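Here are some exercises to help you find your way around a protein model. Try each one on your own before you read the solution.

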Amino acid sequence: MTSNTKVLFEPAQLGSLALSNRIAMAPMTRSFSPNGVPGDDVVGYYQRRAAGGVGLILSEGVHTNETTAAGTPNVPNIVTDEAKAGWRKVIDAVHAEGGKMGLQIWHEGPFRNPKNTNHPDIPSWSASGMKIPGKPLWDPMTEEEIETAINEYVDAAVATKELGFDCAEFHGAHGYLIDNFFWDATNQRTDKWGGDWNGRTRFATEIIRRTREKVGPDFPLIIRLSQWKQQDFTAQATKSPEEMLEWLQPMVDAGIDIFHCSQRRFWEPEFEGSDLNFAGWAKKLTGKPTISVGSVGLQGDFIGAFAGESSKTASLDKLITRMEAEEFDVIAVGRALLQDPDWVAKVRDGRNEELEPFTKDALTSLS
């Protein structure tokens, strides 16, 4: 493993967000918050990563409501007074360690299975009633439901700022609600919320624009995006740089600060004819700071991890090369930090022999 990690520990300025280094903790669902409330074990979990030197912690996805957004058991929300009090303890603990943190705001959309929730009588929300392309399960969202969803995202972002977090991230990837509007295979609407990219980005841009009006110009807003979908790992929402700009520019115009570009493997090129990855293209096209992610420091990808596979440690050479070329600004680390809260400190100090392989046991507790 390379020892030339200096570039990872240079300060980063992402708009108004100043970071001590270029390593973020990727958002990872943990499901350790009964009744949607993060407890002291969650506080300790994030506090240990801040103490370990993570430049920016991005929380697990946090539900925007307790009904249509919530489909995974024991996921925290940002709605109830109890949950907000829990998150205040989290951010206070992270700040006490000198860390910075944002909440990832999440609506599960079509991946919420009503039968497995406390509200089985309420249909799940999606642009055109589809989770799988071509297979409608519910009625498309009404105009009123779309407005409700937008306002809930905005309220969640405002609450994030009020609680003292350093930024907010909208989960617009992996087939969830915002992404369900982006993808033409699941958004078949013919009204202003569908059609071309101008229509399919409108749901996201309204969330961003209205949030920006409420939180002011200096509170950093991030959106996480992906080309691939849970329904189709080979999917490409955009097939060319020109089309990608059609996707991203409306969000820039609405007030987004940072693009968090999800890939399964960060080193894979996004388009033929260029070695740039997704985050590299997003930065080149928009000029906005970007966060990359995908199997950092490990040989296997996260899909195998959630199937119970272990993963050996891997060289950081490819990452160093791309960051030295300023392809993207920050790298988000997932499973390596899930396994070991001191991963960043070990990399920084050259303690490569202490880096741990990822094992499925890391998924079973908040270590």
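## Exercises with solutions

Asp 349 is partly exposed, its relative accessible area being 44%; on this scale, buried is under 20%, exposed is over 50% and partly exposed is in between, using a 1.4 Å probe and protein chains only. Before we go on, note that this is a predicted model, where local features need pLDDT of at least 70, side-chain atom pairs count only at pLDDT 80 or more, and totals for chains, interfaces and linings use all residues. Residues are numbered from 1 along each chain as its sequence is written, and side-chain values use heavy atoms, with hydrogens and water left out.

**Exercise 1. Find the salt-bridge partner of Asp 349, then look at other salt bridges.**

Step 1. Start with the rule: a salt bridge needs a side-chain nitrogen of Lys or Arg within 4 Å of a carboxyl oxygen of Asp or Glu. Side chains of opposite charge can pair when their charged atoms come close.

Step 2. Apply it to Asp 349: its side chain meets that of Arg 351, at 3.6 Å from N to O. Arg 351 is partly exposed too, with a relative accessible area of 26%.

Step 3. Now try a buried case. Lys 346 and Asp 340 form a salt bridge whose closest N and O atoms are 2.7 Å apart, and both of these residues are buried.

Step 4. Move to helix H6, bearing in mind that helices (H or I, at least four residues) and strands (E, at least two) are DSSP runs numbered from the N terminus. Glu 213 bridges to Arg 209, with 3.0 Å between the closest N and O atoms. The two are 4 residues apart in H6, so about one helical turn separates them. Glu 213 is exposed at 57% relative accessible area, while Arg 209 is partly exposed at 34%.

Step 5. Follow the links outward: Glu 147, Glu 206, Arg 209, Arg 210 and Glu 213 belong to a network of salt bridges. Across the structure, the count by this rule is 16 salt bridges.

**Exercise 2. Describe helix H7 from its start to what follows it.**

Step 1. Get its length. H7 covers residues 241-254, which is 14 residues, and spans 20 Å from first C-alpha to last, close to the 20 Å expected at 1.5 Å a residue. That expected span is 1.5 Å times one less than the number of residues.

Step 2. Check for a bend, meaning the angle between axes fitted to the seven residues ending at a position and the seven starting there. H7 bends by about 30° at Leu 248, and Pro 250 follows within four residues.

Step 3. Pick out what is hidden. The buried residues of H7 are Pro 241, Glu 243, Met 244, Trp 247, Leu 248, Met 251, Val 252 and Ala 254. Their cover includes helix H4 (177-182), helix H6 (202-215) and strand S10 (258-262).

Step 4. Look just past the end: Gly 255 follows H7 and has a positive phi, near 120°.

**Exercise 3. Which aromatic rings pair up, and how do their planes meet?**

Step 1. Set the rule. Rings of Phe, Tyr and Trp (its six-membered ring) pair if their centres lie within 6.5 Å; planes under 30 degrees apart are stacked, over 60 edge-to-face, and the rest tilted. The whole structure has 14 aromatic pairs.

Step 2. Take Tyr 45 and Tyr 46: they are edge-to-face, 4.8 Å centre to centre with 65° between the planes. Both are buried, and they share one aromatic cluster with Trp 87 and Phe 165.

Step 3. Compare Trp 228 and Phe 233, also an edge-to-face pair, at 5.7 Å and 70°. Trp 228 is buried at 8% relative accessibility, whereas Phe 233 is partly exposed at 34%.

Step 4. Look over the face of Phe 233: Arg 264 lies there, 4.4 Å from the ring centre. A charge sits over a ring when NZ of Lys or CZ of Arg is within 6 Å of the ring centre and within 35 degrees of the ring normal.

**Exercise 4. Where does Ser 31 sit, and what sign does its phi have?**

Step 1. Place Ser 31: it is in the loop between strand S3 (23-25) and helix H1 (40-51).

Step 2. Read the angle. Phi of Ser 31 is positive, near 60°, in a residue other than glycine. Most residues other than glycine have a negative phi.

Technical notes. Contact = heavy atoms within 4.5 Å.
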